[in-house]
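Me: I'd like to learn how to read a protein model piece by piece. Could you walk me through one?

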Amino acid sequence: MNTKSQSESYKAAGVDITAGYRAVELMKNHIARTMTADAMSDIGGFGGLFSLDLSGIKNPVLVSGTDGVGTKLKMAFLQDKHNTVGIDCVAMCVNDIICCGAKPLFFLDYIACGKNYPEKIAQIVEGVAEGCVQSGCALIGGETAEMPGFYPEDEYDLAGFSVGVVDKEKILNNKTIKEGDVIIALPSSGVHSNGFSLVRRIFDVENNDLTKPLPELGGKSLDEALLTPTKIYVKPMTALFEKITVKAVSHITGGGFYENIPRSIPKGFGAKIEKSAIRILPIFDLLAKTGNVPERDMFNTYNMGVGMSVVVSNDDADCALKILKENGEDAYIIGEIVASDESVTIC
């Protein structure tokens, strides 16, 4: 810890730089868990260094993704639980990267807060580190900005970005999609990190007791269900990429089925989704019932239990399901590709 750098004048204005040093010390053990063979820099430098191993990659293409956690952070504030939202932050970035067929390499985070409480910052980074471990990427840097008067003292914002790499010839090519291709669902862990403005309004989270076990949620409480972190799909999808030809992948985030699935399907084709096949999670049934939300809006806002969709040829479907299940994903078929001007049909 830097014991010489301090400013009483800056502290009087609301920024304690020594708290920042303390936070860095507390987070070092978490960051150490994420270090891969190619990560070169210790935390605290001006830039994160990463040695790019291009063995077996003929024509490397870098793929990047950036995102935040959104108003799901309000749930962390209410519960005073801060070691899971970092997983969400990593997931929102790396799950996008793998939609191109790429492997995430490293991650950097940005935390802006009204007051730097070192223990709280360390808890946030604990979650970021766990997300990096789950996705096999290194946490090589970040920034904590104490901004009094801009954020309330007990609140913060969290965002980050990741960089991955893919061989140019292995970038997913949706031009190979044809009628009859199969759409496979990878289950979500819950609401993930989208649509929380509506979640918070429906459940009036600031004014209701969220800690009571609910039979509709199998005995889970609302706070437990809503703060469940976003599932990270990097490892099972990487295994799938190595074994079969994947034609398209969609990360089902904000905008639900109707916005995200069309992003990976070429013009002239559509996704025909069998509604009865979807394993809708109880939290979505409770949201729809409590908020009187139309079914169309639910599918246009939430993942509904499907965190990622994958398009493969009909001939590869059984093999794909087997690989995904061997890698911890209880994947299942939810539909097929059809020749259509309607990008998504749920029937």
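Reply: Sure. Start with the labels: helices and strands are DSSP runs, numbered from the N terminus. One more thing before we go on: this model is predicted.

Me: Okay, let's use those labels. Where is histidine 192 found?

Reply: Look in the loop between β5 (182–187) and α6 (196–203). Its phi is near 60 degrees, a positive value in a residue other than glycine.

Me: Is histidine 192 buried or exposed?

Reply: Buried means under 20% relative accessible area. Histidine 192 has 1% relative accessibility, so it counts as buried.

Me: Which residue in the loop between α3 and α4 should I look at?

Reply: Try aspartate 80, which lies in that loop, just where α3 (73–79) gives way to the stretch leading to α4. Aspartate 80 isn't a glycine, yet it has a positive phi of about 55 degrees. This residue is exposed, with a relative accessible area of 56%.

Me: Now a helix. What span should α4 have?

Reply: You count 1.5 Å a residue, so the 13 residues of α4 (residues 85–97) should span 18 Å. The end C-alpha atoms of α4 are 19 Å apart, which agrees.

Me: How many residues of α4 are buried?

Reply: 12 of the 13, so α4 is largely enclosed by the rest of the structure. Among the buried ones are Val85, Cys89, Met92 and Ile97.

Me: What does α4 pack against, and at what angle?

Reply: For a packed pair, check the angle and the gap between axes. α4 and helix α5 (residues 118–135) pack at about 40 degrees, with their axes 6 Å apart. That makes α4 oblique to α5. Their crossing is right-handed. On the α4 side, Gly86, Ile87, Val90 and Val94 meet α5 residues including Ile124, Gly127 and Val128.

Me: Why might residues a few places apart share a face?

Reply: An α-helix has 3.6 residues a turn, so residues three or four places apart point the same way.

Me: Last one: which residues have the most contacts inside the largest nonpolar core?

Reply: A core like this joins buried nonpolar residues through their side chains. The largest one has 90 residues, and those with the most contacts inside it are Ile184, Phe203, Met237, Phe257 and Ile273. Its largest share, seven residues, comes from α4. Apart from that core lies another, of nine residues, among them Phe50 and Leu105. As for isoleucine 184, the residues it touches include Met308, Val310, Leu321 and Tyr332.

Note on methods:
Residues numbered from 1 in each chain as written. Predicted model: local features only at pLDDT ≥ 70, side-chain atom pairs only at ≥ 80, totals over all residues. Heavy atoms only, no water. Helix = DSSP H or I, 4+ residues; strand = E, 2+ residues; numbered from the N terminus. Expected span 1.5 Å × (residues − 1). Buried < 20%, exposed > 50% of the residue type's maximum accessible area, 1.4 Å probe, protein only. Core = buried A, V, L, I, M, F, W, Y, C linked by side-chain atoms within 4.5 Å. Contact = heavy atoms within 4.5 Å. Axes fitted to C-alpha atoms, helices over the stretch in contact; angles between N-to-C directions. Parallel < 35°, antiparallel > 145°, perpendicular 65-115°, else oblique. Left-handed = near helix turned anticlockwise from the far one by under 90°.
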